[in-house]
Amino acid sequence: MTLDERYINGLVLIGLLALPLWALATDEPFTITLVTRAVILALAAVGLNLILGIGGMVSFGHAVFFGIGGYAMGILAYHAQTYTALDLGFFETDGTNSMPVIWLVAMIMSAIVAFFIGLLSLRTSGVYFIMITLAFGQMFFYFAISWAQYGGEDGLSIYVRNGFPGLNTLVPIQFFGICFALLCIVLFLFSRLQSSPFGLALNAARQTNARVETVGLNPMHLKLLAFVISGAITGLAGALFADLNRFVSPTMFSWQLSGELIVLIIIGGVGRLMGPVIGACVFVALEHFLGELTEFWHVYLGIILLCIVLFGRGGLIGLLTGKEGAHV
Amino acid sequence: MSFLTVQNLTATYGVSQALFGVDLTMAEGEVTALMGRNGMGKSTTVKAVCQMIRSEGTLTLDGLNLHDLPSHKVARKGVGLVPEGRRCFADLTVRENLVAAARPGDWNMAKVTELFPRLGERESQRAASLSGGEQQMLAIGRALMTNPRLLILDEATEGLAPIIRQEIWAALRRLKQETSVAILLIDKSLKELAAVSDKAVILERGKTVWAGAMADLTPEISERYVGV
């Protein structure tokens, strides 16, 4: 029996909303935090899915943007909470505890860095693109380790979660609500982008660069724009992730995290709207339940990933819908 | 001044020279057949016009030096190419193929599907699942969606069923009658080329050896240079 992808998408979103509400009713705040973690990881992977799923660019350094988002939150909140000025040379600020401002800074910083990384790395393709993005990831990782002012290898703790107007973000369900709403907005934008002329041209550029040029489009520009948007989304997720943990550390820049984001997409379905969401839910569930049984839970994750790659190339959505490809 | 001017065009693939001096001029709205046996430089000339390969010599479109432009900008200036071997965006549907290529102008989905009703019937079908002829129609439709002033078709009817070839030739005749787009055609069917083209340019060993009105192309000339 196969299911329509739209029903699956709807069910996943309903489930994602229902689970924390059930946890709220049964007074299980940890479950809410767990689902929030899945939602944030899903958001980061939706960003990657834009370039990986539609544009065919396998970025093995997307943790760079996750980390930038995290450090944007960490640095701004640290200065606001310690009442110390953040001196950028040309500009001085006291930092902020406002989530919307932090998100904006995280997205802008990630987009700027994505522009420069994309400008250099998109000159390559295939395995060289993977390697160059990995190299950028490692550069940022080691930079963060040596950045003593903001905790170096130990990272940076934030005492109080940042604020959102009208909400108490320290209440798990309210913070979940913010993250879930952002995920829904980004998913909506992703679906619109996917079917827009830009998204279609990006998809076409994945298939053949030369043919895209014959219709008057520059594939490099298309891919760079997608890379920048993708970086900004993942940066936003990074800021939320840091706020969830009230902690930011160089591991947010690690290549393992870049790999995990790819794994989330492959588990759910590459190029599928809800692929990263399903992948993130499965990943967090396995991490939690198998993690309780054994610390080597990654072995089981590896087996599941192997089975999906070998027997269900469209990811879990591909298996459920009976359609291997993300398209039509 | 002619719309497209190609003078003494030379091009090389690595160390092998493919074009030795191609001359070709086209007026706006004119249909020109680019003829010659296999391997004489027809497709290479088209690639050079579209800046898909490096070339030397005069190459202007409406007075604009095409050598100064990258490939995608040549397309934006109004050169629509239907490449050899069709090559649609296989993972996109018919509609998506057309939407992805759309640029402002007279040509839109409705006009393309009116020209090729088969495309309208298969609007939401993946390009990869279309027949060869339908893919060719899609490739032409996609080029038209860019609203070109010069449409180039490289072997557009090659390997297609006779009934599909007729549909494509009928569409090209309509384009000639109803629009002002200039068309540069490469095809093996001399009879069909003669029926639709105003002019012919014949290449041999990468060089223009004959150019003139289609009406002046005698059987002797075509036998000598084209082999039919």
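Just after helix α10 of chain A, residue A:G269 takes a positive phi of about 140 degrees. The structure is a predicted model, and this glycine offers a convenient point of entry to the helix that precedes it.

Helix α10 of chain A comprises residues 255–268. Its 14 residues, at 1.5 Å a residue, should span 20 Å, and because the end C-alpha atoms are 20 Å apart, the expected and modelled lengths agree. As for its surroundings, 11 of the 14 residues of α10(A) are buried, so the helix is largely enclosed by the rest of the structure. The buried residues include A:L257, A:S258 and A:E260, and the list continues with A:L261, A:I262, A:V263, A:L264, A:I265, A:I266, A:I267 and A:G268. These buried residues pack against several other helices of chain A, namely α2 (29–54), α3 (63–82), α5 (126–145), α11 (275–293), α12 (297–311) and α13 (315–321).

From this helix the description passes to the contact between the chains. Chain A contributes 18 residues to the contact, and chain B contributes 23 residues. On the side of chain A that touches chain B, the elements giving two or more residues are α7 (197–207) and α8 (209–214) of chain A. Of these, α7(A) supplies the largest share, 6 residues. Sorted by class, this side of chain A holds 8 nonpolar, 8 polar and 2 charged residues.

In chain B, attention may turn to a strand and its neighbours. Strand β8 of chain B, residues 182–186, is mostly covered, with 5 of its 5 residues buried. In a regular strand, side chains alternate between the two faces of the sheet. In β8(B), B:A182, B:L184 and B:I186 lie on one side, while B:I183 and B:L185 lie on the other; all are buried, and both faces of the strand are therefore covered.

Two strands of chain B pair with β8(B). Strand β3 of chain B, residues 31–35, runs parallel to β8(B) and is joined to it by 3 bridges. In this pairing, B:V31 stands opposite B:I183. Strand β7 of chain B, residues 150–154, also runs parallel to β8(B), and 5 bridges join the two. Here B:I152 has B:L184 as its bridge partner in β8(B).

A helix completes the picture of β7(B) and β8(B). Together with helix α7 of chain B, residues 162–178, these two strands make a right-handed β-α-β unit.

How values were computed: Residues are numbered from 1 along each chain as its sequence is written. Chains are lettered from A and ligands numbered from 1 in the order in which they are written. This is a predicted model: local features need pLDDT of at least 70, side-chain atom pairs count only at pLDDT 80 or more; totals for chains, interfaces and linings use all residues. A residue is buried if 20 or more other C-beta atoms lie within 10 Å of its own, exposed if 12 or fewer, and partly exposed in between; C-beta atoms are placed from the backbone. Helices (H or I, at least four residues) and strands (E, at least two) are DSSP runs, numbered from the N terminus. Two strands pair if DSSP finds at least two bridges between them. A crossover is right-handed if, with the strands pointing away from the viewer, the path from the first strand over the helix to the second runs clockwise. Two residues are in contact if their C-beta atoms, placed from the backbone, lie within 7 Å. Ala, Val, Leu, Ile, Met, Phe, Trp, Tyr, Cys and Pro count as nonpolar, Asp, Glu, Lys and Arg as charged, and the others, Gly among them, as polar. The expected span of a helix is 1.5 Å times one less than its number of residues.
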